[in-house]
Amino acid sequence: MKKIVFLTGTRADFGKIKPLLLQLEHHSDFEVFVFVTGMHLQELYGYTLIEIQRCKITNIHTFENHTHESTMDLTLAKTIEGFSAYCKNVQPDLIVVHGDRVETLAGAIVGALNNFLVTHIEGGERSGTVDELIRHSVSKLSHLHFVSNAEAAKRLLQMGEEEQTIFEIGSPDIDIMFSKQLPDIEFVKSYYEIPFETYAVVLFHPVTTELNQMEIHAQQLVNALLEDTQNYVVVYPNNDMGNHHIFKAYAALQNHPRFRLFPSLRFEYFLQLLKQAEFIIGNSSAGIREAPSYGVSAINIGTRQLNRATHPCIQNVSYETSAILLAIQSAKPKSIVEMPQQFGEGRSAQLFLEALIQPNFWARTPQKQFRDVH
């Protein structure tokens, strides 16, 4: 039986890896372990460990990596320390990390330096800010790659990764988006006490490379939201540096009749709210990936998603209040659109399993080779 350790530090990355780990959790050839850290253990962000526990996974381990200073380098160091001790105890056959978070980098470092195989989910993609640096660093530290599309695979080849280590499976959250697991919208509204008939979703995160301007950027967004007349469901930002500026700006939205604020939302519930929204506004990848798949307009503010995929549903705007207001006024109504094919067809978990049950998947050594592009 192969031991597979999944690492998760945020509500977002757990939504991505959940279909994959549940696929293995119910398979007799695998023993699944989940290392839970980061935002999941912080009350400010909804203590989303509860959502992981609801999945009834057998082996869940928690580790508090939050530091008083909350800088990314210290969080990285603390996560490495905790995850290293955990892996040396479990002795995994494979470590699974996702995306571009600092916890992801910690997981890849631990695996690479201790000769544990590491697989990276959704490597090879482009984005803005320091996230892109982390994502590509994780890819170079990983031995195997499960990517969303051919473009991502091509970038990994450009980075010297071996073709036989790259598996194109699509984006795992698509599995959930179009499954029968989504609850009814009226149930979701009742569960979260959302009284609005119509609403838009707000998801705005700090940009770590623009810390000096985050206070102004957050205030410009809030000014636009207050000047508008739409109802809004607002989800708190992630725990990156600079988020205190966003919380400070959001204070003006507390107890306002047009706004409901939440530390976090259950992933399936969030998807249903997004699916029925008038539009999503902010700088979350949900506006780049999930919203277009549902035909929901997305107003993408600033540089955080720079170089991400484009789609007719997406408006890219600057941080100025006037530009944001103009985008809100011109947001297109929900439409029936062709689902973006660059993120797969909702079979990621099955394709992931099919790769792992092949004997040659496990015939690899931790010694990587760099392949020149000819």
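This report describes two sheets and the helices that pack on them in a predicted model.

**The seven-stranded sheet**

One open sheet is built of seven strands in the order 3-2-1-4-5-6-7, and its pairing is parallel. Its edges are formed by strand 3 (59–62) and strand 7 (166–168), each of which pairs on one side only. From one strand to the next, the twist averages 20°. At the strand 7 edge, strand 6 (residues 144–147) pairs with strand 7 in the parallel sense over three bridges. Within this pairing, phenylalanine 146 has phenylalanine 167 in strand 7 as its bridge partner.

**Helices 4 and 5**

Two helices lie across strands of this sheet. Helix 4 lies across strand 1 (2–8), strand 4 (94–98) and strand 5 (118–121), and runs at about 155° to strand 4. Helix 5 lies across strand 4, strand 5 and strand 6, with an angle of about 145° to strand 5.

The two helices also meet each other. The axes of helix 4 (residues 102–113) and helix 5 (residues 129–141) come within 9 Å and cross at roughly 20°. Because this angle is under 35 degrees, helix 4 is roughly parallel to helix 5. The crossing of the two is left-handed. On the helix 4 side, the contact involves Val102, Thr104, Leu105, Ala108, Ile109 and Ala112, while helix 5 contributes Ile134, Ser137, Val138 and Leu141. Of the residues in this contact, eight are nonpolar, two are polar and none is charged.

**The six-stranded sheet**

A further open sheet has six strands in the order 10-9-8-11-12-13, again with parallel pairing. Strand 10 (259–262) and strand 13 (314–317) are its edge strands, each pairing on one side only. Neighbouring strands of this sheet are turned against each other by 20° on average, direction ignored. Strand 11 (residues 279–282) and strand 12 (residues 297–301) run parallel and are joined by four bridges. There, isoleucine 280 has alanine 298 of strand 12 as its bridge partner. Helix 13 (residues 321–329) packs on this sheet and touches strand 9 (232–235), strand 11, strand 12 and strand 13. The direction of helix 13 makes about 165° with that of strand 13.

The angles between helices and strands are collected below.

| Helix | Strands in contact | Angle to a strand |
|---|---|---|
| Helix 4 | Strand 1, strand 4, strand 5 | About 155° to strand 4 |
| Helix 5 | Strand 4, strand 5, strand 6 | About 145° to strand 5 |
| Helix 13 | Strand 9, strand 11, strand 12, strand 13 | About 165° to strand 13 |

Note on methods. Residues are numbered from 1 along each chain as its sequence is written. This is a predicted model: local features need pLDDT of at least 70, side-chain atom pairs count only at pLDDT 80 or more; totals for chains, interfaces and linings use all residues. Side-chain values use heavy atoms; hydrogens and water are left out. Axes are lines fitted to C-alpha atoms, for helices over the stretch in contact, and angles run from 0 to 180 degrees between N-to-C directions. Angles under 35 degrees count as roughly parallel, over 145 as roughly antiparallel, 65 to 115 as roughly perpendicular and the rest as oblique. A crossing is left-handed if the near helix is turned anticlockwise from the far one by less than a right angle, and right-handed if clockwise. Contact means heavy atoms within 4.5 Å. Ala, Val, Leu, Ile, Met, Phe, Trp, Tyr, Cys and Pro count as nonpolar, Asp, Glu, Lys and Arg as charged, and the others, Gly among them, as polar. Two strands pair if DSSP finds at least two bridges between them.
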